[in-house]
Amino acid sequence: MFSPDTIRTAIGVIGNGTALVLFLSPVPTFIRIWKKGSVEQYSPIPYVATLLNCMMWMLYGLPVVHPHSMLVITINGAGMAIQLTYVTLFLLYSAGAVRRKVVLLLAAEVAFVGAVAALVLTQAHTHERRSMVVGILCVLFGTGMYAAPFSVIKMVIQTKSVEYMPLFLSLASLVNGICWTAYALVHSDLYITIPNGLGVLFAVAQLVLYAIYYKNTQKIIEARKRKTDQVAMTEVVVDGSGSGRASNNNNANTTY
């Protein structure tokens, strides 16, 4: 029989693996952004929200706040580095109001986490108090991370398309939420249970939306592709006709 500590560690390691998959799931989205040289209609909110979530859980896992939370620190440290990469790419391939919005959000997040850390470490003098204050904030921001993909829900419903609501992100959120909910239940950690339990519900809702609008999304993409091909063919025909007329004019001018 496995000891309770072994079970907790095993679930935590699996949770770290699924969280890493969650953090890496937007890679196809950013490959598309890089190839097109534009963020198009993608929202920065999921990546900015996840960055804030990782920073807060890093603070929660510190030995001076919540001892014996090395698994929490390692995965959220990796997640913070990954999300910073996404946000940097978003800044590189966005412009105007979108870029300013991301810069302001990023600055606000860094300032907020710094202020929370300073206040907690100087004003709360026990692990229980520090864990409670940071844990409550983690519940709020963890819930926000899972709900962040809904920032495009209005566009999804209006356009009846899930093109800009990445499927991999929703799937990874579901698996990650299940694993960390199990980990939290074994550890009896309410602060981890609440956001991840809600995360499972949010991910299921996103997948339901995907199922509803997937076929229509494919039709929209195909129609746009056909339109692009027709425009390209029209330009070729016009260019060809223009060249032909120019050639005839030249021949006419050289006829005596």
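Visitor: Which residues touch the most other members in the largest nonpolar core?
Guide: In this predicted model, the largest nonpolar core has 37 residues, and those that touch the most other members are Met56, Leu59, Phe90 and Val134.

Visitor: And which helices supply at least two residues of this core?
Guide: Each of the following does so: helix H1 (4–24), helix H2 (27–36), H3, helix H4 (70–92), helix H5 (96–123), H6 and helix H8 (167–187). The largest share comes from H3, which gives ten residues to this core.

Visitor: Back to Leu59, what is it in contact with, leaving aside its neighbours within four places in sequence?
Guide: With those neighbours set aside, Leu59 is in contact with Val65, Val116, Ala117 and Val134.

Visitor: What does a second, separate core include?
Guide: That core has seven residues, and among them are Val152, Leu209, Tyr210 and Tyr213.

Visitor: New topic: at what angle do H3 and H6 pack?
Guide: Helix H3 (residues 45–61) and helix H6 (residues 127–147) pack at an angle of about 160°, and their axes are 9 Å apart. Angles over 145 degrees count as roughly antiparallel, so H3 is roughly antiparallel to H6.

Visitor: Is the crossing left-handed or right-handed?
Guide: The crossing in which H3 passes H6 is left-handed.

Visitor: Which residues make the contact?
Guide: On the H3 side they include Leu52, Met56, Trp57 and Leu59, while on the H6 side they include Val134, Leu137, Phe141 and Met145.

Visitor: How many of the contact residues are nonpolar, polar or charged?
Guide: Where H3 meets H6, eleven residues of the contact are nonpolar and six are polar, with no charged residues.

How values were computed: Residues numbered from 1 in each chain as written. Predicted model: local features only at pLDDT ≥ 70, side-chain atom pairs only at ≥ 80, totals over all residues. Heavy atoms only, no water. Axes fitted to C-alpha atoms, helices over the stretch in contact; angles between N-to-C directions. Helix = DSSP H or I, 4+ residues; strand = E, 2+ residues; numbered from the N terminus. Parallel < 35°, antiparallel > 145°, perpendicular 65-115°, else oblique. Left-handed = near helix turned anticlockwise from the far one by under 90°. Contact = heavy atoms within 4.5 Å. Nonpolar A, V, L, I, M, F, W, Y, C, P; charged D, E, K, R; others polar. Core = buried A, V, L, I, M, F, W, Y, C linked by side-chain atoms within 4.5 Å. Buried < 20%, exposed > 50% of the residue type's maximum accessible area, 1.4 Å probe, protein only.
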